[in-house]
Amino acid sequence: MQGNVRPETMERITTEELANAFIEEQIKELREQIGDKKVLLALSGGVDSSVVAALLIKAVGKQLVCVHVNHGLLRKGEPEQVIEVFRNQMDANLVYVDAVDRFLDKLAGVAEPEKKRKIIGAEFIRVFEEEARKQDGIEFLAQGTIYPDIIESDGVKAHHNVGGLPEDLQFELVEPLKLLYKDEVRVVGKALGLPDNMVYRQPFPGPGLGVRCLGAITRDRLEAVRESDAILREEFAKNGLEGKVWQYFTAVPDFRSVGVNDGKRTFAYPVIIRAVNTKDAMTATVEDVPFSLLQHITARITSEVEGVNRVLYDLTPKPSGTIEWE
Ligand code: XMP
């Protein structure tokens, strides 16, 4: 498959059979392109990079070097799942980088949303660059670019490139998904044997929980975002909303309010729940979550999450709100 334009005649990959044909063709092309050289991939554990990894593992095995950077802003269980699926189950060459302290130190005291994004992006490139330099003989860089990233029509901010690597670290790109739409990537991922919760997961921004721990990130509020998000996801899954609602998450603002617990006054953070539906992320409507479920989630969050005494549900469509809070 050549070029960056999807041929009009290209059939949409909707079945396992079509996915298998795509996989076979890609394996052949990847082996031709890569030969006996090494390929580097930043593996976040998101759908696109995971599918690229699984494809490349099939095509070139240990010639693929996956780098998973844990920047401390991932959801609960994500780094563990990347290690379990790729290192333990698929026997991939996986470098796990614990960069949590490094990111949180850089972000300390920074409250401005775009500045936070810039720091996270720049630090990610730096960590990835350092890992790339430790590897000998890398000639290719794989990326989970998909078709909407190229045509920039779906409103989701492009996040699939490690652009910004220095001049002496320029590799030939390997982008096997660049003509696929997201739904096709999922069908291919499923055919490659990736777990459902990896293949069908909701969109997650590159800066991760960093844009949901509002204002200057602190470790206590970051933990509150991570734990409340895990409860929300668990309850949505249990109540049939996973896969139905397009994106749902929690955010924790940087102010506290007065509350009461066991007859004692508390002064703690609120958790904001957001659950939205959209086609292209340019506009969004709010999911009509059953009130009883919201009450149940509220009870769980306020009793299980440290430092939280209130839960709010965000009723704002986009516009006037954006999907994320920052
Ligand atoms: P907004 O908040 O702009 O979000 O309505 C639209 C979609 O984009 C995701 N998003 C991001 N994705 N890097 C990303 O990779 C980012 O900085 C970023 N900000 C927002 C958001 O989760 C939603 O799906």
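A residue counts as buried when its relative accessible area is under 20%, as exposed when that area is over 50%, and as partly exposed in between, using a 1.4 Å probe and protein chains only. With that in hand, L315 is easy to place: its relative accessibility is 63%, so it counts as exposed.

## About the model

This is a predicted model, in which local features need pLDDT of at least 70, side-chain atom pairs count only at pLDDT 80 or more, and totals for chains, interfaces and linings use all residues. Residues are numbered from 1 along each chain as its sequence is written, and side-chain values use heavy atoms, with hydrogens and water left out.

## Two domains

A good place to start is the overall layout. The domain assignment of the chain gives domain 1 (16-199) and domain 2 (212-313); such bounds come from an automatic or database domain assignment. Between the C-alpha centres of domain 1 and domain 2 there are 28 Å. The contact between them takes 16 residues from domain 1 and 16 residues from domain 2, where contact means heavy atoms within 4.5 Å.

## Around the ligand

Next comes the ligand. A residue is near a molecule if one of its heavy atoms lies within 4 Å of it. There are 13 residues around the ligand, and R117, Q247, K318, I323 and E324 come nearest. Both domains take part, as the shell draws at least three residues from each of domain 1 (16-199) and domain 2 (212-313). By type, the shell divides into five nonpolar, four polar and four charged residues. Here Ala, Val, Leu, Ile, Met, Phe, Trp, Tyr, Cys and Pro count as nonpolar, Asp, Glu, Lys and Arg as charged, and the others, Gly among them, as polar.

Which atoms of R117 lie 2.5 Å from an oxygen atom of the ligand, side chain or backbone? The R117 atom is an N or O of the side chain. With G206 and I323, the backbone is involved instead: a backbone N or O atom of G206 is 3.0 Å from a ligand oxygen, and a backbone N or O atom of I323 is 2.8 Å from a ligand oxygen. Taken alone, the ligand exposes 500 Å², and the protein buries 94% of that; these areas come from the Shrake-Rupley method with a 1.4 Å probe.

## Residues inside domain 1

Helices (H or I, at least four residues) and strands (E, at least two) are DSSP runs, numbered from the N terminus. A142 sits in strand 4 (residues 138-142) and is buried, because its relative accessibility is 2%. Leaving out residues up to four places away in sequence, A142 touches V39, L40, L41, V52, L56 and V174. One of these, L56, is 86 residues from A142 in sequence, with 8.8 Å from C-alpha to C-alpha.

E131 belongs to helix 5 (residues 113-134). Is E131 buried or exposed? E131 has a relative accessible area of 8%, so it is buried. Its side chain forms a polar contact of 2.9 Å with the side chain of K134. Such a contact is a pair of N or O atoms within 3.5 Å; within protein, one must be able to donate a hydrogen and the other to accept it, and residues adjacent in sequence count only if both atoms are side-chain atoms. Apart from neighbours within four places in sequence, E131 is in contact with V67, V95 and V97.

## Strand 10 and what follows

N309 lies in strand 10 (residues 308-313) and counts as buried because its relative accessible area is 18%. The N309 side chain reaches the backbone oxygen of S257 at 3.0 Å and makes a polar contact of 3.2 Å with the side chain of T266. Beyond residues up to four places away in sequence, N309 touches several others, including V258, F267, Y269 and T302.

L315, met at the start, is in the segment after strand 10. The C-alpha atoms of L315 and D288 are 9.2 Å apart, with their positions 27 residues apart along the chain. P319 and S320 are also placed in this segment. The peptide bond from K318 to P319 is cis, with omega near -15°, and the bond from P319 to S320 is cis with omega near 15°.

## Two loop residues

D91 is in the loop between helix 3 (78-89) and strand 3 (93-98). Its phi is near 55°, a positive value in a residue other than glycine. D262 lies in the loop between strand 7 (257-261) and strand 8 (264-277), and its phi is near 50°, again positive in a residue other than glycine. D262 counts as exposed because its relative accessibility is 72%.
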